[in-house]
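This report concerns the structure displayed below. It addresses the annotated positions and their surroundings, followed by the sheet and the nonpolar cores.

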Amino acid sequence: MKEVLGWIRSITFAVVFALVLGIFVFQPFKVDGHSMDPTLQDEQRIYVSKLSHTFSYLPDYGDIVVIDSRVERNRTLMDDIMGHPLVSLATGQGDDHTMYVKRVIGRPGDVLEFKDNKVYRNGEALNEPYIKETMDYVADGKITVPADHVFVMGDNRNHSTDSRDIGFIPLDHVMGTMIENPLNK
């Protein structure tokens, strides 16, 4: 009986440790679709540091982030728990297609323009060697990224659902920043 209780304690500790690690420190995600081509491919696994989400860090320009696209609702700790792969597996929820992988283009206070097939941030055209092809998007006027929000876009600009469609991303909807995989270099 002591041995069985020892196994139960060990398994319980391992599950709790995995949950805490995945909710607050890092988590794997799978790229769904082609919006980040050519940088990331459909079905590619990436690892995300969740420390920016846990401690409310502002991601840097060019960071690849995972966002919760449901920007019209407030996020809670329960969303983080239910989004953990072990919990999703146990509850049978699987992928709900609300998490997007995108690149940070604008931070709070930035003024963005879309003209001449380019993105302009604070009056300067961005040098974006990572995009798949020339962007076929123009918008009238300038937009300013509000406080506590970011503006994100996919690298496959002509085939990406991003901040142009869903709006500014609240910082608490930025789930984490992609960790560079040294094996992919």
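## Ser35 and its surroundings

In this predicted model, Ser35 lies in the loop that connects S1 with strand S2 (45-49). Its relative accessible area is 14%, and Ser35 is therefore buried, the cut-off being under 20%. Beyond its neighbours within four places in sequence, Ser35 is in contact with Val101, Lys102, Gly154, Asp155, Asn156, His159 and Ser160.

The UniProt record, an unreviewed entry, places the feature "active site" at Ser35 and Lys102. Although these positions are spread over 68 residues of sequence, they cluster in space, with a largest C-alpha distance of 7.9 Å. The side chains of Ser35 and Lys102 make a polar contact at 2.8 Å.

## Lys102

Lys102 belongs to strand S4 (residues 99-106). With a relative accessible area of 3%, Lys102 is buried. Residues up to four places away in sequence aside, Lys102 touches Ser35, Met36, Asp63, Ile64, Val65, Ile67, Val152, Met153, Gly154, Ser160, Thr161 and Asp162.

Met36 also touches Lys102 when its own neighbours within four places in sequence are left aside. The other contacts of Met36 on that basis are Ile64, Val101, Arg103, Met153, Gly154, Asp155 and Asn156.

## Arg164

Arg164 is located in helix H5 (residues 163-166). Its relative accessibility is 18%, so Arg164 counts as buried under the 20% cut-off.

Which polar contacts does the side chain of Arg164 make? The side chain of Arg164 reaches the backbone oxygen of Arg157 at 2.7 Å, and a polar contact of 2.9 Å joins it to the side chain of Asp162. Not counting residues up to four places away in sequence, Arg164 touches Met135, Tyr137, Phe151, Met153 and Arg157.

## The open sheet

Seven strands make up an open sheet with antiparallel pairing, arranged in the order S1-S2-S11-S3-S4-S9-S10. Strand S1 (26-30) and strand S10 (169-170) stand at the edges; each has a single partner strand, so one side of each has no neighbour in the sheet.

At the S10 edge, strand S9 (residues 149-153) and S10 run antiparallel and are joined by two bridges. Within this pair, Val150 of S9 has Ile169 in S10 as its bridge partner.

## Nonpolar cores

Nonpolar side chains in soluble globular proteins tend to be buried together. The largest nonpolar core here consists of eleven residues: Phe29, Val31, Met36, Leu40, Ile46, Val48, Ile64, Val66, Val101, Met175 and Met178. Two or more residues of this core come from each of S2, strand S3 (64-68) and strand S11 (174-178).

A second core, separate from the largest one, has ten residues, including Ile105, Leu112, Tyr130 and Val145.

## The annotated transmembrane region

The unreviewed UniProt entry places the feature "transmembrane region" at residues 6-26. In the model, this span is 90% helix and 5% strand, and the C-alpha atoms at its two ends lie 28 Å apart.

## Summary

The two positions annotated in UniProt as "active site", Ser35 and Lys102, are linked by a side-chain polar contact of 2.8 Å. Ser35 is in a loop, whereas Lys102 is in strand S4, one of the seven strands of the open sheet. Met36 belongs to the largest nonpolar core and is in contact with Lys102.

Notes: Residues numbered from 1 in each chain as written. Predicted model: local features only at pLDDT ≥ 70, side-chain atom pairs only at ≥ 80, totals over all residues. Heavy atoms only, no water. UniProt positions renumbered as here; feature names shortened; annotations may be inferred. Helix = DSSP H or I, 4+ residues; strand = E, 2+ residues; numbered from the N terminus. Pairing = 2+ DSSP bridges. Buried < 20%, exposed > 50% of the residue type's maximum accessible area, 1.4 Å probe, protein only. Contact = heavy atoms within 4.5 Å. Polar contact = N/O pair within 3.5 Å; in protein donor to acceptor, adjacent residues only side chain to side chain. Core = buried A, V, L, I, M, F, W, Y, C linked by side-chain atoms within 4.5 Å.
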